[in-house]
Amino acid sequence: MSGRQHRETEIARRIRAKGLATGRTSAQIAEEIHEACSPQFSTTRIKAHRLSYGIALADVIEQVRALFERDAKAPPGIGETLLSAYESGLKRPGPEYLHYLCSVYRVEPIELGFDGPCICGHGHRMPGVLGEPANRVAGSASLPRDLVIHPMTVEADAQEDENILRRTLLNLLDTDVSFKQQFDGPVLGACEGIRRRMDETLVSATVSGGMLDQWEEATVAFGRQYTTTPPLRLLCDVLLELSAVRTALSRRQPIDLQDRLCRMAAQLAGLSGMVMINLGDHRLARSFFRTGRIAADETGDRALRAWITARESLVPLYYGDAREALNLAKKSRDLAGATPCVAQAMAPVVEARALAMLSGTDSKKEVVDQAKRALARARSAFSHMKSEEQEDMAFGYTEKQLYFYQGDVLTKLGQTIEAEVVLDQALGKYEDHVLDQTLIRLDQAQCRLLEGDIDEALQIGTNALRNLGDEYLTDLIIRPALALEQQIMKKNDKHQMLAEFSAQLRRRKLAQKEGSGG
């Protein structure tokens, strides 16, 4: 131990001894250690809690392992090096390790220096410790950390919905639980409950500016995670945030704060609708977009209202009603008006895709020209967007999305030579969005099929599905893959590579049947 560490430990030991002598709790002692040692030694809150117990890193590790064993889980990979990195601030514990560290120290994440509620959905404090006058010295001031503050009342049904989503998040850490087991009736009911209460709050409705800043930052972060996080995991995170915003909206706020809350509600509801599309539930997707429209209308922001409508147009586009998608895209364009915004680029692309779906690969020249003019309008609008909007996959519109959807339009129009060039460019730009990568490859397979190369079409399609995790094999992917399969079967239903493609397409259903057969 270095001299610096020795001095830190000595100071913490003295504070602990005095605290125990006067009947203070470990949480109170940890707070005093943090206040005394942080300026001189940069002592983090999580380290202060270990020092308040007077134990070593190895003791904490053993307690975490014992808790894993109690919960019938495989031994954790956490060791002294990793825990030391948490204590030094070099790393942040993941949701599961944070849950068990909170259990060891019997405190909430915020008291260890980490934002947000624990994924388990319940408190970690020992009964009888908080708010017990007998544990305090007469005349001593209570520390803020010892108070459980409930500034807003949360209804019982809202709390239960949040707990369902938190339990789902915890289950997602267990790789033995299948996607189908997780995305079940209770989860869908919780999603709908949160959305419905947001509707009620928006049509009926003080939070601090700092809290709003944190929520806005979280909303932007969820948009970034949209491309990299499995959809069900992201949905749980987004809906828990939406529920918190709804609780704040349930009390009338000053006009400026109300506007910011409604804007976040619109963005979070819209993002929930987008995730629902990825999960294959078009009914709930439409419901969330409707909630998003209600919230956006409260802001009076034309660009936000147009974005919600453009995103909603993807529901009928992906689920078989191209004419409605075309109408919604035109409505989005009208809402945007002359305002430079994301919808000005996105809506024309949806128009082009809907036109291509309505006409098919034997499109007449005027339809092809009409779709290409819409794409040209989209490219022009994209060039006038703000740079930050051009980098945002969720709330903005990126160049790689433009390439992808342009390639999709050309594929559906039967313009295979142009389509393959654009799709290759799009695939080169996608590195972290597994869903769009797969959709691009399925479009490439369609191009090869239109050119008469069934072997290559099946090889591309099979590899695309094989590289996709089961959690991403939702209706969004299954529908175009089934369409590809049906078109191949019309040409050659005995093709030797077709069986492998079909097996990859249906592997999740086969696994569920095998799992239920025992």
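Below, two people chat about a predicted model and what its atoms show.

Colleague: Before I get going, what should I know about how this was made?

Modeller: It's a predicted model, so to speak of local features we need pLDDT of at least 70, side-chain atom pairs count only at pLDDT 80 or more, and totals for chains, interfaces and linings use all residues. Residues are numbered from 1 along each chain as its sequence is written, and side-chain values use heavy atoms, with hydrogens and water left out.

Colleague: What's the mean pLDDT of the chain?

Modeller: The mean is 82, and 86% of the residues reach 70 or more. pLDDT is the predictor's confidence in each residue, from 0 to 100.

Colleague: Where is confidence lowest, and where is it highest?

Modeller: Helix 25 (residues 507–517) is lowest, at a mean of 50, while helix 14 (residues 302–312) is highest, at 95. Helices here are DSSP runs of H or I, at least four residues long, numbered from the N terminus.

Colleague: Which stretches have pLDDT under 50?

Modeller: One of them is residues 126–152, for which the model has 33 contacts beyond four places in sequence. Residues 511–518 are also below 50, and that stretch has one contact beyond near neighbours in sequence. Contact means heavy atoms within 4.5 Å. Where pLDDT is low, the predicted coordinates should not be read in detail.

Colleague: OK, new topic. Which residues touch the most other members of the largest nonpolar core?

Modeller: Those are L165, C191, I277 and Y397, out of 121 residues in that core. Helix 12 (residues 255–279) gives the largest share, 13 residues. A nonpolar core is a set of buried Ala, Val, Leu, Ile, Met, Phe, Trp, Tyr and Cys residues joined through side-chain atoms within 4.5 Å. Buried means under 20% relative accessible area, exposed over 50%, and partly exposed in between, using a 1.4 Å probe and protein chains only.

Colleague: What is C191 in contact with?

Modeller: Skipping its neighbours within four places in sequence, C191 contacts L165, L235, L239, M276, L284 and F288. Apart from this core lies another one of 21 residues, including L57, L67, L83 and L101.

Colleague: What about holes inside? What volume does the largest cavity have?

Modeller: About 120 Å³. On a 1 Å grid over the protein atoms alone, a cavity is a set of points where a 1.4 Å probe fits but cannot get out, and lining residues have an atom within 4 Å of a point. Grid points are joined across faces, edges and corners, and the volume is the space filled by probe spheres set on the points.

Colleague: Which residues lie nearest its centre?

Modeller: Of the 13 lining residues, Y226, N278, R311, Y318 and Y405 do. Helix 12 gives the most to this lining, with three residues. The lining splits into eight nonpolar, three polar and two charged. For that split, Ala, Val, Leu, Ile, Met, Phe, Trp, Tyr, Cys and Pro count as nonpolar, Asp, Glu, Lys and Arg as charged, and the others, Gly among them, as polar.

Colleague: And the second largest cavity?

Modeller: That one holds about 60 Å³, and its lining has seven nonpolar, four polar and no charged residues. Y226, N278 and H433 are among the residues that line it. Helix 11 (231–249), helix 12 and helix 21 each give two or more.

Colleague: Back to helix 14. Is A310 buried or exposed?

Modeller: A310 sits in helix 14 and counts as buried, because its relative accessibility is 1%. Beyond its neighbours within four places, A310 contacts S332, A343, M346 and V350.

Colleague: And R302?

Modeller: R302 is in helix 14 too, but counts as partly exposed at 41% relative accessibility. R302 touches D334, L335, A336, G337 and T339, leaving out residues up to four places away.

Colleague: Why is helix 3 described as largely enclosed?

Modeller: Because seven of the nine residues of helix 3 (residues 45–53) are buried. Just after helix 3, G54 takes a positive phi of about 70°.

Colleague: Which non-glycine residues have a positive phi?

Modeller: S42 is one of them, at about 55°. S42 is in the loop between helix 2 (26–41) and helix 3, and is exposed at 55% relative accessible area. R106 has a positive phi of about 60° and is partly exposed, at 37%. Most residues other than glycine have a negative phi.

Key. 1 Å grid on protein atoms, 1.4 Å probe; cavity = no way out; pocket = protein on both sides within 12 Å on 5 of 7 lines; lining within 4 Å.
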